[in-house]
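I opened this model to see how it is put together. My notes follow in the order I looked things up.

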Amino acid sequence: MSPLVPTARTVAVLAGLAPVAVLVAAIAPGAWLAVVALALLVLLLAIVDGLLAGPLESFTVSVPGDAEVGAEHHFAFHAQFRSGRRSGAEAALACDPRLVEAGRASAPLGGQAVMAGRAPFTPSRRGTARVTAAWLRWTGPLGLGARQHARVLGEEVRIWPNLSDVRSPALQTFLRDAQFGLIARRIRGEGTQFEALAEYQPGMDRRRIDWKASARHRHLYAKEMETERNNQIVFAFDCGQAMCEPVAGMARIDRATSAALTTAYVALKGGDRVALYGFAARPEAMSPFISGSGQFHRLQRAAAALDYRPEEPNFTLAMATLSARLTRRSLVVVFSDFTDPTGAELMVESVSRLVARHVVLFVTLADSELEDLAVAAPADLSSVAMAVSADGLQRQRALVLQRLRQLGVDVIEAPWDKIGTRLLDAYFAIKRKGVIG
């Protein structure tokens with residue numbers, strides 16, 4: 001049987017009777033027992049009210065087995081009662097804090113004999129989160145008494161990288177036609193591999209005119225070129241402390257993996273081969289090169305396995321290990337961030353060793369907090385000092401990125417909500433140049 005418990009309304013009534021009892025005892029000492037009797041009557045009403053709420057027939061909790069970081073999902077509650085009348089019901093869950101802040105989710109339930117409700121949650125980090133217990137409380141028609149049911153749960157929620165950009169209508173429309181999607185159409189005519197001859201049209205690059213073919217046919221023909229396929233692309237993720245810091249409610253590395261998986265999906269559709277590589281103080285596991293969009297789920301699993309490491313990354317070891325594993329020229333996309341000049345210097349030196357053999361693209365999220373501090377109107381000496389420090393850090397950051405560009409590294413620095421688009425555009429630009437193969 002579900003235990004009876006008083007509601008907040010009952011506690012408030014009893015708390016209100018306490019000063020009344022003191023006042024009555026001061027004015028008429030012999031009458032204070034009436035206030036005690038009134039309090040006992042309230043408790044009796046609470047018990048009766050709880051009994052009128054009726055017994056519970058069944059209580060089920062639906063926990064999604066899979067979720068995506070940063071995306072909204074729901075816990076679903078369903079309760080069925082044998083009889084009685086209820087003024088309301090509420091369900092609650094105890095779960096991992098990466099699912100819900102403070103590790104508790106709750107939701108009101110609607111209905112009478114059958115009651116249902118949903119509690120939204122947005123995972124903040126990847127991994128496997130547990131849902132350990134559930135509670136249901138329903139109140140009687142007066143709202144004075146309630147009954148409570150508790151249940152132990154052993155459910156798990158697997159939290160994956162966010163793929164909302166991959167499923168977006170814009171990207172799917174872009175990829176839906178042709179054998180390799182519209183990628184082939186977009187980059188056709190600007191690569192280095194000969195594709196076909198086409199009749200020359202005004203506006204075409206005159207350098208593509210095939211003069212021999214034109215002489216044979218006595219009409220101008222131009223070469224159509226196609227960007228190379230079967231290129232190797234490696235997405236290298238810094239899993240260290242700086243990348244674990246949140247931006248707009250999600251860790252930087254989670255923003256990076258979402259952008260990388262979107263570009264990886266497009267690259268697989270275009271016939272390229274993709275691998276993921278993670279590192280922190282030491283190199284993490286590197287996935288094998290994946291071909292074909294049908295194997296995209298393997299990249300998703302590899303991205304989900306990238307752990308959060310509260311440590312400084314060892315760029316020297318990480319880049320040397322990656323370079324040793326790559327047997328042919330590849331596009332290496334490095335996702336990282338830096339907070340101190342020493343770490344930035346080591347990063348620049350390590351990345352510079354890759355440029356000689358590979359095409360390197362460095363991606364970092366713009367630090368909006370630094371920008372806000374640097375431009376904020378000073379109110380006192382403390383805010384002035386913060387603004388000066390923020391401006392100095394921004395200048396150091398700009399110098400590091402400029403050094404990378406001088407080494408021949410393509411650099412992307414963009415806000416979190418534009419990083420995916422910028423990365424996709426940079427991938428297409430590199431493909432058009434034909435410098436990977």
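These entries go from the overall fold to the cores, two helices, the salt bridges and a few single residues.

**Overall**

I am working with a predicted model. I looked up the secondary structure and found 13 helices and 20 strands. The protein has 437 residues, and 44% of them are buried. I then checked contacts between residues at least 6 apart in sequence: 74% of these join residues at least 24 apart. The exposed surface comes to about 21,900 Å². Carbon and sulfur atoms supply 56% of that surface.

**Cores**

Which residues have the most contacts inside the largest nonpolar core? I found Phe-235 and Phe-335, in a core of 47 residues. Helix 7, residues 252–269, gives this core its largest share, 10 residues. I also noted a second, separate core of 32 residues. Val-69, Cys-95, Ala-129 and Met-250 are among its members.

I went back to Phe-335 and listed its contacts, leaving out residues up to four places away in sequence. Phe-335 touches Phe-235, Ala-236, Phe-237 and Asp-238. Its list also includes Met-243, Ala-256, Ala-260, Val-363 and Leu-423.

**Helix 7**

I looked at cover next. In helix 7, 17 of the 18 residues are buried. I also checked its length. At 1.5 Å a residue, helix 7 should span 26 Å, and its end C-alpha atoms are 26 Å apart, so the two agree. Just after the helix, Gly-271 has a positive phi of about 95 degrees.

**Helix 9**

Which residues of helix 9 are buried? For this helix, residues 315–325, I wrote down Phe-315, Ala-318, Met-319, Thr-321, Leu-322 and Ser-323. I then asked what covers them. The cover includes strand 12 (232–238), strand 15 (273–279), strand 16 (283–286) and strand 18 (330–335). Helix 10 (341–355) is also part of that cover. At the start of helix 9, I found a side-chain oxygen of Asn-314 within 3.4 Å of the backbone nitrogen of Thr-316.

**Salt bridges**

I counted 13 salt bridges in the structure. I looked at three of them.

Arg-403 and Glu-345 pair through their side chains at 2.6 Å, N to O. Arg-403 is in helix 12 (residues 381–406) and Glu-345 in helix 10, so this pair ties together parts that are 58 residues apart in sequence. Arg-403 is partly exposed, at 37% relative accessibility. Glu-345 is partly exposed too, at 33%.

Arg-397 makes a salt bridge with Glu-413, with the closest N and O atoms 2.8 Å apart. Arg-397 sits in helix 12 and Glu-413 in strand 20 (residues 410–414), so the pair links parts 16 residues apart in sequence. Is Arg-397 buried or exposed? At 7% relative accessibility, Arg-397 counts as buried. Glu-413, at 29%, counts as partly exposed.

For Asp-417 and Lys-418, the closest N and O atoms of the salt bridge are 3.9 Å apart. Asp-417 is partly exposed at 46% relative accessibility. Lys-418 is partly exposed at 46%. I also traced shared partners: Arg-252, Asp-337, Arg-397 and Glu-413 are joined by salt bridges into one network.

**His-358**

Where does His-358 lie? I placed it in the loop between helix 10 and strand 19 (359–365). His-358 counts as buried because its relative accessibility is 2%, and the cut-off is under 20%. A polar atom of its side chain lies 3.1 Å from the backbone nitrogen of Ser-330. Beyond residues up to four places away in sequence, His-358 touches Leu-326, Arg-328, Arg-329, Ser-330 and Val-332.

**Positive phi at two alanines**

I looked at Ala-102, which is not a glycine yet has a positive phi of about 75 degrees. Ala-102 is in the loop between strand 5 (88–95) and strand 6 (104–111). Its relative accessible area is 72%, and Ala-102 is exposed.

Ala-248 also has a positive phi without being a glycine, at about 55 degrees. I found Ala-248 in the loop between strand 13 (246–247) and strand 14 (250–251). Ala-248 counts as exposed because its relative accessibility is 52%, and the cut-off is over 50%.

Terms used. Residues numbered from 1 in each chain as written. Predicted model: local features only at pLDDT ≥ 70, side-chain atom pairs only at ≥ 80, totals over all residues. Heavy atoms only, no water. Helix = DSSP H or I, 4+ residues; strand = E, 2+ residues; numbered from the N terminus. Buried < 20%, exposed > 50% of the residue type's maximum accessible area, 1.4 Å probe, protein only. Contact = heavy atoms within 4.5 Å. Areas by Shrake-Rupley, 256 points an atom, 1.4 Å probe, with all protein chains shown as cover. Core = buried A, V, L, I, M, F, W, Y, C linked by side-chain atoms within 4.5 Å. Expected span 1.5 Å × (residues − 1). Polar contact = N/O pair within 3.5 Å; in protein donor to acceptor, adjacent residues only side chain to side chain. Salt bridge = Lys/Arg side-chain N within 4 Å of Asp/Glu carboxyl O.
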